[in-house]
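Colleague: Could you take me through the ligand site in this model? I would like a close look at that one part, along with whatever helps to place it in the chain.

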Amino acid sequence: MSNQPPVTTTDSGCPVASDEYSLTVAANGPVLLQDTYLIEKLAHFVRERVPDRVYHVKGGGAFGYFEVTADVTEWTKAAFLNTVGKRTPILLRCSSVAGEEGYPDSDRDVRGWALKFYTEEGNYDLVGNNTPVFFVRDPMKFPDFIHSQERMPDTGLRSNNMQWDFWTLSPESAHQVTILMSDRGTPRTWRHMNGYSSDTYMWENAAGKKFWVKYHFKTEQGIENFTDAEARAMRAEDLDCHRRDLREAIAREDHPSWRLEMQIMPYEDAADYRFNPFDVTKVWPHEDYPPITVGRLVLDRNPENFFAQIVQASFDVANFVPGIGPSPDRMVLGRMFAYGDSSRYRTGPNYEQLPVNQPLNEVHNYNKDGPMRYHHNGNQPVYAPNSYGGPKADPQRYRDPSWFVEAGEIMRTAYEAHRDDNDFIQPGTLYRQVMTPNDRDHLVDNIVWQLNQGVERFIQERAVNDYWTKVDPDLGTRVAQSLGLGTSQPGNG
Ligand code: NDP
């Protein structure tokens, strides 16, 4: 075998004469328009980017597998989950939310947890976070929330004032903000954090029985977080610490793994459950729905091409396989539009033909053509119904997952409240019953540090009186004292 490198060519495969020199008139003369290789090289160079994701821009990921470790067929007919020991190839992308590409990995933020299961019945995408809850419960507020975490329109600077203004005017965010301001807001690595569906989904078994479910991927490396000071020090040491850590761990065959635990709620429980189980700002307490271990996720292969396999990877909340579906969780229903639409915008309507996004099974439908399409079905009918053997849906075998809704007037309104629905109960429980004294000290310090970064006084006061004091009076008092503010009693606003 020859050790000679391949000859450089243009993108159309024609050999070129130089990797170093442009075509010029004499040594000191002008560069010529007829240097088509130079022109192709420069023109291609300025088109190297696709539009960023609007959020979750900076991330990293790896391939691996999911293995079923317990029989779940009583709850779902999903083919990839139907046998203990069955393995399905997966891609996991972890990310931060607010920062752009180049932003420090260690900064305080929620981390995205986007999974693609390449199953025999098509791709199943589960797009969650490293926290079990979310900031808002209605997709109408989602763009506003993201805007409040990004940059000011006039200065181009991030703004704590804007963040805390939005959060303190959106009490449903209190649970997520409590977790974000705890040390879980600065995970040490992606390997040392959990992943959650956060949202509620439906599982349906072969007999058509339905269940509401939440997914919890528990790190087998153990939870490890930076303190706030460590996270800020890491900014100077390594902007890419999380991306690097994952890559290096897999390269040295220290394959990270997570245990999948499911919370499973019988379909009928939802209507009368004490909280609205579809409200993504709340967890289902473990004593009500104890987590059941059903599988294991392992990452064992780094991407060979970061752009092709991670930047262009698409995760679409709407990609369900038979046996899994959405729930009345409004955030799921809104996200089912936005994620596929983001991919169509970023990489075009044929993004699912890119190798990283392609399902393992064959695709048959009547979509055709469009930019960059390269799989064509050949001479097949392009319309349905047809008399020429085109693909045919099977409505008996594949029904849309469904649930019953009470008939009512079309309206814009909040979810109907269940008896214990309250934005502050669960973060209060977290503060009082789950956090250690050390966790609570860090939480107070982190909140105070964040509120001291350019947040106007009236917003600090609102954060104390209408937010943290309602989560827990002791927490409110401690934050107020550190900020040099007084408190009003909970509920007095
Ligand atoms: P449990 O005592 O059964 O569970 C508490 C859970 O909190 C733990 O299992 C752990 O879940 C998580 N946790 C532990 N330390 C922290 C921390 N410092 N910051 C954030 N989460 C932590 O109680 P409940 O199920 O009744 O939940 C009580 C509170 O715990 C909830 O209000 C919620 O704030 C929080 N929580 C609950 C979860 C749930 O799904 N029920 C999940 C995560 C948090 P894990 O191993 O998943 O991290």
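**The ligand site**

Modeller: Happily! α9 gives the largest share of the shell around the ligand, with 4 residues (helices are DSSP runs of H or I with at least four residues, strands are runs of E with at least two, and both are numbered from the N terminus). Please keep in mind that this is a predicted model, where local features need pLDDT of at least 70, side-chain atom pairs count only at pLDDT 80 or more, and totals for chains, interfaces and linings use all residues. Residues are numbered from 1 along each chain as its sequence is written, and side-chain values use heavy atoms, with hydrogens and water left out.

In total, 17 residues surround the ligand, each having a heavy atom within 4 Å of it. The closest are H175, R184, Y196, K218 and H286. Sorted by class, the shell holds 7 nonpolar, 7 polar and 3 charged residues (Ala, Val, Leu, Ile, Met, Phe, Trp, Tyr, Cys and Pro count as nonpolar, Asp, Glu, Lys and Arg as charged, and the others, Gly among them, as polar).

Now for the polar contacts, meaning pairs of N or O atoms within 3.5 Å. A side-chain N or O atom of R184 is 2.5 Å from an oxygen atom of the ligand. For N194, the distance from a side-chain N or O atom to a ligand oxygen is 3.1 Å, and for K218 it is also 3.1 Å. The protein buries 76% of the 770 Å² that the ligand exposes when taken alone (accessible areas come from the Shrake-Rupley method with a 1.4 Å probe). Two elements, β7 (210-219) and α9 (425-434), give two or more residues to the shell.

How does this fit the domains? The chain divides into domain 1 (1-48), domain 2 (59-136 + 179-352) and domain 3 (425-483), with bounds from an automatic or database domain assignment. Domain 2 and domain 3 both give residues to the shell, so the ligand lies between them. The centres of domain 1 and domain 3, taken over C-alpha atoms, are 60 Å apart.

R184 and N194 come up again in the lining of the largest cavity, as does Y196; also in that lining are N130, P187, H192, M193, I223 and N225. A cavity here is a set of points, on a 1 Å grid over the protein atoms alone, where a 1.4 Å probe fits but cannot get out, and lining residues have an atom within 4 Å of a point. The lining divides into 4 nonpolar, 4 polar and 1 charged.

One last detail concerns the loop between α8 (330-347) and α9, where P385 has its place. A cis peptide bond joins A384 and P385, with omega about 0°.

Definitions and conventions
On a 1 Å grid over the protein atoms alone, a cavity is a set of points where a 1.4 Å probe fits but cannot get out, and a pocket is an open set with protein on both sides within 12 Å along at least five of seven lines; lining residues have an atom within 4 Å of a point. A polar contact is a pair of N or O atoms within 3.5 Å; within protein, one must be able to donate a hydrogen and the other to accept it, and residues adjacent in sequence count only if both atoms are side-chain atoms.
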